[in-house]
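Let's work through a few exercises together. Keep the viewer open and try each task before reading its solution.

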Amino acid sequence: MDIPEDFRCPISTELMKDPVTISTGVSYERKNIEKWFYVYKKTTCPATMQMVEVFDVTPNHNLKNLICAWCISKGYQRPGFIGSVSSKHDELVSILGTIDSTPFKVSCLRKLGDILEMSDEFKEDFKASGGVEALVKIITQILAESLDFAAFRACEEALGVLNQVPFSEEDERVLHILMRPECMKSLAIMLQRGSSEARFCTISVLQKISRSDYQWNVHLAEENGVDFFKTLLDILSDENCTKASSCSLQVLVEILDSSKKARLKSIEAGAICTLVELLPDSNRWKCEKIMYLMKLMCECAEGRLALVEHGMGIAAVSKKMMNVSNLVTKIGVKIFWLILNYHASERVLEEILVCGAVGRLVSLLQMDGGVGGPTTERVVKILQLHGGRWRRYPCFPIEFKKLHWC
C-alpha cells in the first residue's frame, strides 16, 4: 500500500492501528512506543530525540479516524484497529472526553459501567481509548486534602468501573499506569476508608495486579505500612462478604510469597492470630491458603514465636493434618518442623503431644506409602530428635512406644 507518511509509525514505519501521542507531540503505534519506554527503558522521543520526562500516552482519536477513513476510501481492509469495530466507540470517546470537566462524574461513570457490562468488545475498546488513564486520574483525587463527598463518591464509582476492566501480564500499559506510586497510595486509602462495595472492588483490582506482576508484590510490601496489612486482615475476617474475603486471602498469598518484609509486617499486624481463628471453620481451598500463609510466616522467627504463644495455634494446625488434603498435611509437617527446630521447649513439646500432633506424625509413617519425599524425612527427624522426651509423658500413646522412630 502507498501509505501516507503521517499514517506510519515512526518506529516501525508501518500503518498505525492504535495511534497515541506522547508529550513531544509525535504520534506512534501504542505497542511500539510502550516497548520503547518500558522494555528498552528509553527516555527520548524516537523521532525528535528530545528528552521525555512524562511517559504518558494519549490516544489520538482524530488520527485513528483519518486512517480508518483512508483505508475505506482505498478499499483496504482495516488492519486490526483496536476498538474500531465497537459500536459504542463514539459514545465511549465522548464520555471520556468530558468526564474530567463535568460536575456529574458519578453519573458518567455509571453510564460507562453500564456500557462495559454489555460486552467484552466494549471493554477492550475502553482500554484502547484511554479509559484506564481516565479512571486512575479520578481515583488519585482521593489524595487531595480538600476532597469533598462528591469527589470521594466519584473515586468509589471509578473503582467499580475499573474492576470491570480485564487485564493480564500482557497489558503492560495498564499495569504501568496502575502501579504508579500515586495510584497505589490511592488504592491503599480506598481500602481503608471506602464503602464495603468500594473495598471489594479495590481488593479485586489488587488481586488482578498481583497475579500479573511479581515485582508489584515486592513494591507493595515496601511502600505500605502495617495498617495496610491490618486492613487486608479485616477484609479477610469479614463474614458478610465472602468474595472480598477470598480476594484478600489470595492477595496476601501473592504478596507474602514474594516478600519477607511483607511477612514481618503481616505478623506485626496480627496475621497469625487472625488466621488461627479462621482456620477451624475454613473449607479446603481456604484452609490450604491459610496454612500456606502460616508456613511462610513461620519461616521468620517472629512468626514462629507468634504461633507458639497463641493458645490455640499448635492445636489448630494439628487438627487440620490428615483431615483436609495431602497438601495441608505436608504444610502442617513443615510448620511443626520449623517450630521444633527453633522452639523445642518443654511447654511446646507437651502441647504438640497433648493436641494429638505426635500421633498424627507417627500415623503418617504407618500409612501405606506414607506421604513420601521431604515430608517423610522431616517426620522421621522430628521423632528421632524428640521421641525420647515425648515417651516420658503419661499421655504418650502406648502403641507407639515400641516403634523404633520413637
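The exercises below go from model confidence to a sheet and then to two helix pairs.

**Exercise 1. Find how confident the predictor is in this model, and where pLDDT stays under 50.**

Solution. Start with the whole protein: this is a predicted model, with an average pLDDT of 85. Of the residues, 90% score at least 70. Next, look for the weak stretch: residues 81–85 stay under 50. The model still has 18 contacts beyond four places in sequence for residues 81–85. Where pLDDT is low, predicted coordinates should not be read in detail.

**Exercise 2. Work out the strand order of the open sheet of three strands, and say which strands are at its edges.**

Solution. Step one is the order, which is E2-E1-E3, with antiparallel pairing. Step two is the edges: strand E2 (27–29) and strand E3 (58–59) each pair on one side only. Step three is a look at one pairing. Strand E1 (residues 19–21) joins E3 through two bridges in the antiparallel sense, and here valine 20 is opposite proline 59 of E3. Finally, add the helix: H1 (residues 30–39) lies across E1, E2 and E3, and runs at about 95° to E2.

**Exercise 3. Describe how helix H15 packs with helix H16, and decide whether they are roughly parallel or antiparallel.**

Solution. Two packed helices are described by the angle and the distance between their axes, a good place to begin. The axes of H15 (residues 271–278) and H16 (residues 284–298) come within 10 Å and cross at roughly 150°. Angles over 145 degrees count as roughly antiparallel, so H15 is roughly antiparallel to H16. The crossing of H15 past H16 is left-handed. Now list the partners: Ala271, Ile272, Leu275, Val276 and Leu278 from H15 meet Ile290, Leu293, Met294 and Met297 from H16. By class, this contact has nine nonpolar residues, no polar and no charged ones.

**Exercise 4. Repeat the analysis for helices H10 and H13: which angle, which handedness and which residue classes do you find?**

Solution. Geometry comes before chemistry again. H10 (residues 196–212) and H13 (residues 242–258) have axes 9 Å apart and pack at an angle of about 35°. H10 passes H13 in a left-handed crossing. On the H10 side, the contact residues include Phe200, Ile203, Leu206 and Arg211; on the H13 side, Lys243, Ala244, Val251 and Glu254 are among them. Sorting the contact by class gives six nonpolar, five polar and three charged residues.

Terms used. Residues numbered from 1 in each chain as written. Predicted model: local features only at pLDDT ≥ 70, side-chain atom pairs only at ≥ 80, totals over all residues. Heavy atoms only, no water. Pairing = 2+ DSSP bridges. Helix = DSSP H or I, 4+ residues; strand = E, 2+ residues; numbered from the N terminus. Contact = heavy atoms within 4.5 Å. Axes fitted to C-alpha atoms, helices over the stretch in contact; angles between N-to-C directions. Parallel < 35°, antiparallel > 145°, perpendicular 65-115°, else oblique. Left-handed = near helix turned anticlockwise from the far one by under 90°. Nonpolar A, V, L, I, M, F, W, Y, C, P; charged D, E, K, R; others polar. pLDDT = per-residue confidence, 0-100.
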